[in-house]
Amino acid sequence: MPFQPVKFYQTGTYTVGNRLLDPDERSEQASENRSNSINSGHRACQGCGEALGARYAIDAAMAESNGQLIAVNATGCLEVFSTPYPESSWQVPWIHSLFGNAPAVATGVAAAMKVKGRREVRVVAQGGDGGTTDIGFGCLSGMFERNDDVLYICYDNEAYMNTGVQRSSATPPAARTATTMPVGPEPGNVFGQGKNLPEIAMAHGIPYVATATVADLRDLEYKVRKAMKMHGARYIQIFVPCPLGFGTASHDTIRIARLAKESGMFPVFEAEHGEVTGVLKIRHKVGIEEYLSPQKRFAHLFGKHAHPEMVARLQAIADRNIRKYGLLEENN
Amino acid sequence: MANKPFAITLKPGTSLANLTGTWRTARPVYLDRLPPCNNACPAGENIQGWLFHAESGDYELAWRVLVENNPLPAVMGRVCYHPCETACNRGQLDEAVGINSVERFLGDEAIKRGWKFDAPAAASGKKVLVVGAGPSGLSAAYHLARMGHQVEIQEAGPLAGGMMRFGIPKYRLPREVLDAEVQRILDLGVTLKFDTKVASIEQSMKQGGFDAAFLAVGAHIGKRTYIPAGDATKIVDAVSVLRSMEGEDKPMLGRKVVVYGGGNTAIDVARTAKRLGATEAIIVYRRTREKMPAHDFEVEEALQEGVMIKWLSTIKQAGEGEITVEKMALDEKGYPQPTGEFETLAADSVVLALGQDVDLSLLEGVAGLEIKDGTVQVAPNMMTGHPGIFAGGDMVPSERTVTVAIGHGKKAARNIDAWLHGVECQSTPKHEIATFDKLNPWYYSDADKTVRPMLDIIRRQTSFDEVQGGLDETNALFEARRCLSCGNCFECDNCYGVCPDNAVIKLGPGKRFEFNYDYCKGCGLCVAECPCGSIKMVAEDI
Amino acid sequence: MLKQTEGSKAVAEAIALCRPEVICAYPISPQTHIVEALGEMVKAGELAPCEFINVESEFAAMSVAIGSSAAGARSYTATASQGLLFMVEAVYNASGLGLPIVMTVANRAIGAPINIWNDHSDSLSQRDSGWMQLFAETNQEAVDLHIQAFRLAEELSMPVMVCMDGFILTHAFERVDIPSQEQVDAYLPPFDPRQVLDPKEPMSIGAMVGPEAFMEVKYLAHAKQMQALELIPQLAAEFKQQFGRDSGGLVRTYRAEDAETMIVAMGSVLGTIKDVVDDMREQGHKVGVLGIVSYRPFPLAQVREALVNCKRFLVLEKSLAVGMGGIVATDVRMAVSGTGLKGFTAIAGLGGRAIPKASLHKLFLEAEQENLEPVTFLDLDWDAVNKQLERERQNRHSGPIAENILYDKGISSAAKFG
């Protein structure tokens, strides 16, 4: 019998690298030559999901664009911890203007590159969920609607962490923030509010919309690379747990992101021109409690004065995501 | 940058000036933890170590790492009861890695490809006598030879292998496999003398000018028990039956064979009887299946082949063509107690498989030796009470398996070597064990164990062809890659990838990683996301 | 080439001659005609290469310009009034980052009450934004100032607002000399940015700067504008050499040689003022005019020099610092501090209120006689104002002010339906 190549690689593509894979099948993050777009010495907290997500994403974009990349940054943690005078962590050309205008600034950069005939230079804009779903939303929608040649990446940690953990329109129901305190009969953020930005982005009919988490590096890199192969407005929302805001241990950042996906709370999918074209299936489904309970921002739902009815409502949200996006394998 | 706007515009990557390592209260450190398989291996194999190379398809290197500890992988891959697989962390995930099947594949591959051992070290000028060519003796001879010592094995019988040949049936261990692996050891320059029974060890040593001796004569004397029996009843012991299978005259057991005992030997004999044409092979055992010392998979295979087992029964009497058994019941402590209920079974012969005793005659008169419960007592370094005489295998107190014997051989060889050099053998302290809770199993691909092919049932009942097949290269590779590499970095790059501070330095293939403590903030993500548990946090002195 | 054309159209043509590479457009009266005309030129391929971007807000307009300018493209936008206020955060950011964007502000009042007509409240609200502000007196000057503005902005790497009165200039048809492309190209070299976003030389633009360096950054912005005080006259001189016209500069005087009373103003109202001054001169009054072209940087020395020989001055401005008085006047008084000169302020033309010659004539005579309050509100309907003040004194729930005043003035009958 001729030698059959084995498709099974011990850890497959779950780990960052894998010595058993062909080098060109390995992740960008496994490469000794990755660009480290955001360098050591930045001032992000220990275990920062955003610092990690940003390096994952921008390194992938750098790889896909052969280093021909300009990054635009909204105000926020990422900006503050990466560029306090006199040191910058960025190794890519980078500009920060304001909290709410990163998509528009990126439009301007892209326009400049186009007018100068430098189509090889690609533009990425990035911001947190506050800068994206709230204050920058108008500019973002405008950039989408014009189908400007910009990849916008939202690092979603579900609140305004830089200013001390205030609610954003990406904050999940029941979550404790400094402006949705765990007091009163329905503690934490209210149910029935908030914005589903990936779906709003899809409604613009832009070429590409995707969600990803820092727990699924390969998927994240695949999506960034895929987005970078396209032109026009593209949007990727990356779930990046914040140890400070979530009230989680610094070593739990990736685990929490994994649980967000595995519980169905954060559906991971991609869509082209407004149509869902792929979902990252749940691999080992977990109940919502397993996701919520390690996070202090949900601590008021458990313990002595527990709110099982609110946990049930959160489970219902996760279940709806699972149904809506088909997150479970058919035979599960 | 000098002419760029002041303060607003910064040079790229300049945050390197900010040494965030000062934030740290605990630091990650790389370590090798002991994989449970390695820990459980009686032969002291570096299982994770050789699987690592098998995973990348470098079977020869895998084999070479394997035989550093065990020269008989093809035998091992067939007869070892693989405690490694019982200990394997993957068992808590789906099923244990088929370590034994990969080992057999490597062993068979080595025979097929004609791989030879690395040449011995420079000759030491020392001579060592090994008594007995069983697994323990062969193992010791192999290791001693590779250390550069001149080794002579003196074997009482006509063939090498000891219990591997005379105790384990062919359908479990084809003899050409055994012969090939023995020959490879002899090719190292080991002298093997057959039909050389050592009557007195001291004399033999003196005659041959040996500097040290390793005794590994095994336990070949079948234990008997008193069963009132008439003259017509054929009562034989299992060891004799199995030994005679190797000779010209096959044992005559009749059509109805009763085997008395509950160990693996009982199973082997019953299955052998079946193959020799017995219509009924019945094992009589005094306790229950759960309490049976034989390995469950062997019991299962025996049952598949039509062997019957009479549980909770003892033989009270053997008569003409039949035996009487008494039913037993387990008491509160789990010990069988007679019930007074009797029953008769047809039996042309009764085979006693009640364990074996050691022939200790060669040790008579040797000063300092301590014999207890029919076995030779040895120190932790395998040396008997007599300096320079070491012992191992079934003749010393231990579990009597091929694998344990091979382990004894290795251990004895190391200690003999040290003793010959006038030093103490320094064994490195064991690393802490990589228990399942140290792992992050998320990262491993889902994969069920590969099922080894089994011979069809008719041929199993009628021939001595090997029952269990081996893996081919494809599924051996698959099986090897199921290894979780517990406690040992396999360069998955997770630490390098998940560090938010780029504080892990990748040193290149085979060189693993290093922490850059200038920037490591001590978040512990690398520890949490290391699949195999080979990083731990250590508190900083602050 | 001389042509009779609308001010907006003329400015659009001038902008096009400056070869802008990115134009951001968001509609707000009265600047719409400028970007409309530019949009058509880009669409027709007459202005190329150029990206014309229809943005979703003025905030985005300035933000896109920030991005394109930082990436090395000559960038332009236009706005007015509420639009300028809507982009304020980005306006400050553009100057803070030192990006040489040029923006036309078609000056218009700021609401509420909403009002689309001309005054200078919008630009003047941005006097501290770090942008340079040049005020055009005529459409010809508006054309010329835009050409100079790109030079000025790019030399100093700081943004410039060219301010022209909404409707009065933007929608006026006048004879304008539109220069040729060759002339403009000779005057305005291609944009060579001081810093640029480019993968060839990565840098981080827009750092967070703490107390240790923030003051220095701010001082450097100030120093740039101080440099502009020297550069602006040079550019005007060069312009004159190239185009044969006096346009721009820091200040311009009219009949000021022996003037005892100087009228100070900015923008198109200078035309009316000059007419009145001509009339008064004929009647023997020693009246002169100081027109301020560069409001930021404010030419303290030049203003002082222009006024130091008069006896009194009146600043007539289309803006009001509520609770204080004049805005331009404050700066002018600063310029002459220590001279003992008597100064008056007249607030005029807010929200498009007409500034008739007769009213100015009367005002200037009163100024000459020093028969003025420190702050005068030209042609204010005192009757309506006093009635409303009285109503409010008497009744807490006195109703909407604007409606009440319109009713009092008999302009509207809306109150009847209230």
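**Exercise 1. The A–B interface**

48 residues of chain A are in contact with 50 residues of chain B. Task: which elements give two or more residues to the side of chain A that touches chain B, and which gives the largest share?

Solution. Start with the term: two residues are in contact if their C-beta atoms, placed from the backbone, lie within 7 Å. Next, the elements: they are helix H1 (49-64) and helix H9 (253-262) of chain A. Helices are DSSP runs (H or I, at least four residues), numbered from the N terminus. Last, the share: H9(A) gives the largest, with 4 residues.

A note on the model: it is predicted, local features need pLDDT of at least 70, side-chain atom pairs count only at pLDDT 80 or more, and totals for chains, interfaces and linings use all residues. Residues are numbered from 1 along each chain as its sequence is written, while chains are lettered from A and ligands numbered from 1 in the order in which they are written.

**Exercise 2. Helix H3 of chain A**

Task: check the span of H3(A), then decide whether its residues are buried or exposed.

Solution. Step one: the expected span is 1.5 Å times one less than the number of residues. For the 14 residues of H3(A) (102-115) that should be 20 Å, and the end C-alpha atoms are 20 Å apart, so the two agree. Step two: a residue is buried if 20 or more other C-beta atoms lie within 10 Å of its own, exposed if 12 or fewer, and partly exposed in between, with C-beta atoms placed from the backbone. In H3(A), 14 of the 14 residues are buried, so the helix is largely enclosed by the rest of the structure. Step three: look past the end. A:Gly117 follows H3(A), and its phi is positive, near 70°.

**Exercise 3. Two helices of chain C**

Task: how do helix H10 (269-282) and helix H13 (357-368) of chain C cross?

Solution. First, the axes: they come within 10 Å and cross at roughly 60°. That makes H10(C) oblique to H13(C), because angles under 35 degrees count as roughly parallel, over 145 as roughly antiparallel, 65 to 115 as roughly perpendicular and the rest as oblique. Axes are lines fitted to C-alpha atoms, for helices over the stretch in contact, and angles run from 0 to 180 degrees between N-to-C directions. Then the residues: those of H10(C) that meet H13(C) include C:Thr272, C:Ile273 and C:Val276. On the H13(C) side, C:Leu360 and C:Phe364 are among them.
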